[in-house]
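Please take a moment to look over the sequence and the structure below, and then follow the explanation part by part. It begins with a small sheet and the helices beside it, and afterwards turns to some individual residues.

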Amino acid sequence: MAMPRIATTCLAACALSLALAQPTSAQWIDDQSSGDYGLPSLTSSDSQAISGEETRLGRAWLRQFRARAPGWDDPIAQEYVEGLVTQLLPHSGLVDTNTLVTLVESRMLNAFAVPGGVIGVNAGLFAFADEEAALISVLAHELGHLSQRHYSRGQARAEQTQIPAMAAMLAGMLIAASGGGDAGIGVAMGSQAAFIQDQLAYSRRFEREADRIGLQAMAQAGYDPQAMVRMFRAMQRMANLQGGNPPEFLMTHPVTESRLSDTQDRASQLRVARPRDEALQYSLVRARALLTIHQRDPQQAATRLAQGETPESARRYLAALIDAERGNVDTALRELDALAREWPDLALLPASAAEVAFKAGRYDDAIERSRRQLRLMPGHVPTTRLLGEALLQRDPDEAWRVLRELSERRPEDPQVFTLLAEAAGRSDREAWGHLARAEQMQLTGRIDSAIRQLGVAKGVAEREGDTTAASRIEQRRKDFLGYRETLEKF
């Protein structure tokens, strides 16, 4: 089904959400093996139904977003952001919410929350936020939007506009994420203006509610709530320096002086019971983000990181990554190993060393380093994925085992299924390889391609007499056809 325009694709994404009540991709392989802020109550009897609908809508939205937006594929950064979200969830009223984090390879300063628990973070947010609490303030604010169900509340009086509004928001974000910048912002803001007025996705009232929830969550999680005030003021200064052209985050989350004053007053009333020390880990992940943004000129990343009070260890870490990219692999590994001895509790350091070894083609070294780290920290996702990827070059059957288990833990991770498909193919599990590839396609919004891939998988399974694979493929084919039928109604 051809959908040449982004807006049409977005409409389809929202329609698709209505048919997502079937098993998740995690099940594809089962056959083989306190403050009172005057906020609205979330305990009404119908809140669960709304939450379920939002979850389906958000998952469909994310698949369409992945199909067009430039993803930032960095398992180390991914795990770090997911960890921050996990820390904030209990303090944000979202304990039972199954959140999904998506990273965007864009230097634009932005983060977003989508109904159903989808959190998006641009690499550019790391570049702008020079302290962990600043990043936390943005994540806490976005979780505040989700906990108060601002999208569904905003659309309660305009149910007929729900799908078009969500589609327009996605269209604008895709254009902006792909480098359209102002054009994308114009689509998003123009579409909101056409639909809304007092029904903006995030009205001024909703912004203040999200601020209050975010401030409370920050303080309870051990972060300085004043960081939110500092972050918003820094954004305003940047907008002024750019001639009034604000970052994407301010376009969708406008900051007025009255809102800043309100945030300042409330932040000053909060006390952090157990303050957290500034984490070196944030500076290390920020170094990775800066290197991603400045791929063509790594020295710009080093210059940017050196500004302010960046820990020396973070500067050394970035220098090691740059050395590795320039071919000085031994120098890079010596520095990363030295840092790992100095900071033995930071798993990302040995994980980074294993990554450097792998990218340099030193597969045996990468495997040994990964296994050593997993003995100390079983289940560490970035290291597990790296081990599976390295094993593809040495022991595809073992790679299949490692990646199969990881796919069960990461059922919404397209990159894991990409690697699993390769492992299946190299270990003579051809039918399962095609199935894994189909799952990767449906996770990235390519439903027609996924259905065709299942057809190939079915033929292979029947030829090989693999009845287990054939049964599972047929089940998933019915699911995928259901998705497409729903899409075609729109």
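When a helix is said to lie across strands, the word contact means that heavy atoms come within 4.5 Å, and an angle between two elements runs from 0 to 180 degrees between their N-to-C directions, along axes fitted to C-alpha atoms. With this in mind, and remembering that the model is predicted, we can say that helix α5 lies across β2 and β3, and that α5 runs at about 20° to β2. Helix α3, which spans residues 75-88, lies across β1 and β3 instead, and its direction makes an angle of about 135° with β1.

The strands just named belong to one sheet, an open one of three strands in the order β1-β3-β2, and their pairing is mixed. The edges are taken by β1 (100-104) and β2 (111-114), and because each has a single partner strand, one side of each is left without a neighbour in the sheet. On average, and with direction ignored, neighbouring strands of this sheet are turned by 20° against each other. In general, the strands of a sheet pair through backbone hydrogen bonds, in either a parallel or an antiparallel way.

The pairing of β1 with β3 (residues 118-122) is parallel and extends over five bridges. Within this pair, valine 101 stands opposite isoleucine 119 of β3, while valine 104 stands opposite asparagine 122 of β3. How many of the five residues of β1 are buried? Five of the five are buried, so that the strand is mostly covered. Both of its faces share in this, with Leu100, Thr102 and Val104 buried on one side and Val101 and Leu103 buried on the other.

We now return to helix α5, which covers residues 132-147 and contains histidine 141. Is histidine 141 buried or exposed? Its relative accessible area is 0%, and because buried means under 20%, histidine 141 counts as buried. The side chain of histidine 141 makes a polar contact with the side chain of glutamate 207, at 3.0 Å. Among the residues that histidine 141 touches, leaving aside those up to four places away in sequence, are Glu207, Asp211, Phe249, His253 and Arg259.

Which residues does UniProt list for "active site"? An unreviewed UniProt entry lists Glu142 and Asp211, and although these two are spread over 70 residues of sequence, they cluster in space, with a largest C-alpha distance of 8.7 Å. Glutamate 142 lies in helix α5, and it is buried, because its relative accessibility of 1% falls under 20%. The side chain of glutamate 142 reaches the backbone nitrogen of alanine 113 at 3.1 Å, and glutamate 142 also touches, among others, Phe112, Phe249 and His253. Aspartate 211, for its part, is found in helix α9 (residues 204-221), and with a relative accessible area of 1% aspartate 211 is buried. Its contacts beyond four places in sequence include His141, Met228, Phe232 and Arg259.

A last residue to look at is serine 471, which lies in helix α24 (residues 467-488). Serine 471 counts as partly exposed, because its relative accessibility of 48% lies between the limits of 20% and 50%. Serine 471 and lysine 458 are 13 residues apart in sequence, and their C-alpha atoms are 8.8 Å apart in space.

Technical notes: Residues numbered from 1 in each chain as written. Predicted model: local features only at pLDDT ≥ 70, side-chain atom pairs only at ≥ 80, totals over all residues. Heavy atoms only, no water. Helix = DSSP H or I, 4+ residues; strand = E, 2+ residues; numbered from the N terminus. Buried < 20%, exposed > 50% of the residue type's maximum accessible area, 1.4 Å probe, protein only. Polar contact = N/O pair within 3.5 Å; in protein donor to acceptor, adjacent residues only side chain to side chain. Pairing = 2+ DSSP bridges. UniProt positions renumbered as here; feature names shortened; annotations may be inferred.
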